[in-house]
Amino acid sequence: MKRTIINIDEDLCNGCGLCVESCHEGALQMIDGKARIISDLYCDGLGACIAECPVDAITLEEREAEPYDEIKVMERIAPKGEATIIAHLNHLIDHNQYEYVKQGINYVKENNLDVDLSKLKNFNSEEKDMEDTTNNEGGCPGAKMMSFNKQDPENSVSTTSPQSSELKQWPVQLHLVNPQAPYFQNADVLLAADCVAFASGEFHSKFLKGKSLAIACPKLDTGMDIYVEKLASMIDNANINTLTVMIMEVPCCGGLLQIAKQAAAKASRKIPVKKIIIGIKGDVIKEEWDMVTQSEQA
């Protein structure tokens, strides 16, 4: 089956082993001084290891792979004890993979493992089934269906006037924009994942205002190398002042951050780069500057 799974660039891997420690599912091992995935069926494709890699050697890709097997994972990590099991199940909860969480909890109970399930996030012992709102069978957690139970608009009272669009150019899709266009010259540029504007209620007023815009989807778009070249051209030739990268919290969105980092490292000019991560309910999860490391600039 084709699904999202990690890919390790062994040329970049420095053998630090941090990714192995962060993979509670046991999909990674150090072999001959390099991190390697030992079995597709242990990799949940959620990318917990990506944030731990100091050299950006790990990315997500969609390819033919064995389907993820939660029971096989539980069999593998059970001997490691309660801490590992709880960390694994909480990792699944963080990414809304409740079907797998239920399988893991059932495995703990059926095998009488010494695990305090009350340590799980949002766990209610009276809700043994941990209600799942989707028939999702795995794959990318960014495609999981969810309802947020917003207030009925007919019964809500608007206290604000209609907001004006802060968009000051066209086109905006990264494949279509000219990196040398006048609106990119000496500009502050916002590179946003396609879904961001729909999730963030403050997208126009807080994040887009005063900036030139480019949008892209790292999961569905093709020609990522073209994206890198265009962004590098904006930095070197359009002399943009800053680059802000807005992505969603889902793992597949992290690819846009990787593209921006590659472009910033490739460019001869060095500019401030900001990362903003938006939650699927529109909240700002993280906002920070200077994500390009010195090793990437070398």
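Two strands are taken to pair if DSSP finds at least two bridges between them, and helices (H or I, at least four residues) and strands (E, at least two) are DSSP runs numbered from the N terminus. On that basis, β5 and β6 run parallel and are joined by five bridges. The structure described here is a predicted model, in which local features need pLDDT of at least 70 and side-chain atom pairs count only at pLDDT 80 or more, while totals for chains, interfaces and linings use all residues. Residues are numbered from 1 along each chain as its sequence is written, and side-chain values use heavy atoms, with hydrogens and water left out.

## Overall make-up

The protein contains nine helices and nine strands. Of its 298 residues, 46% count as buried, where buried means under 20% relative accessible area, exposed means over 50%, and partly exposed lies in between (1.4 Å probe, protein chains only). Contact means heavy atoms within 4.5 Å; among contacts between residues at least 6 apart in sequence, 71% join residues at least 24 apart.

## Strands

Strand β5 (188-193) has five of its six residues buried, so it is largely enclosed by the rest of the structure. Besides its pairing with β6, β5 pairs with β7 in the parallel sense over five bridges. L190 stands opposite L213 in β6 and opposite T244 in β7.

Strand β1 (residues 2-8) has five of its seven residues buried, so this strand too is largely enclosed by the rest of the structure. Its pairing with β4 is antiparallel and comprises seven bridges, and N7 has T59 as its bridge partner in β4.

## Helices α7 and α8

The expected span of a helix is 1.5 Å times one less than its number of residues. For the 13 residues of helix α7 (residues 224-236) this gives 18 Å, and the end C-alpha atoms are 19 Å apart, which agrees. For α8, which also has 13 residues, the expected span is 18 Å and the end C-alpha atoms are 19 Å apart, which agrees as well.

The buried residues of α7 include Y227, L231 and M234, and the buried residues of this helix pack against β5, β6 (212-216) and α8 (254-266). In α8, the buried residues include L256, I259, K261 and A264. The side chain of K261 makes a polar contact with the side chain of D56 at 2.9 Å, a polar contact being a pair of N or O atoms within 3.5 Å of which, within protein, one must be able to donate a hydrogen and the other to accept it, with residues adjacent in sequence counting only if both atoms are side-chain atoms. D56 lies in the loop between β3 (34-37) and β4 (58-64) and is buried, with a relative accessible area of 15%.

## Nonpolar cores

A nonpolar core is a set of buried Ala, Val, Leu, Ile, Met, Phe, Trp, Tyr and Cys residues joined through side-chain atoms within 4.5 Å. The largest such core has 46 residues, of which L174, L191, L243, V245 and M246 touch the most other members. At least two residues of this core are supplied by each of β5, α5 (196-199), α6 (203-208), β6, α7, β7 (242-248), α8 and β8 (273-278). Leaving aside neighbours within four places in sequence, L174 is in contact with L191, A214, I215, A216, Y227, K230, L231 and M234. Another core, of 37 residues, lies apart from the largest one and has I5, I6, L46 and I50 among its members.

## Aromatic pairs

Rings of Phe, Tyr and Trp (its six-membered ring) pair if their centres lie within 6.5 Å, and planes under 30 degrees apart count as stacked, over 60 as edge-to-face and the rest as tilted. A search of the whole structure finds two aromatic pairs, listed below.

| Pair | Centre to centre | Angle between planes | Class |
|---|---|---|---|
| Y68 and Y100 | 4.8 Å | 70° | edge-to-face |
| Y183 and F184 | 4.9 Å | 65° | edge-to-face |

Y68 lies in the loop between β4 and α2 (70-77) and Y100 in helix α4 (residues 98-110), so their pair ties together parts that are 32 residues apart in sequence. Y68 counts as buried at 10% relative accessibility, and Y100 counts as buried at 11%. In the other pair, Y183 is partly exposed, with a relative accessible area of 22%, whereas F184 is buried, at 0%.
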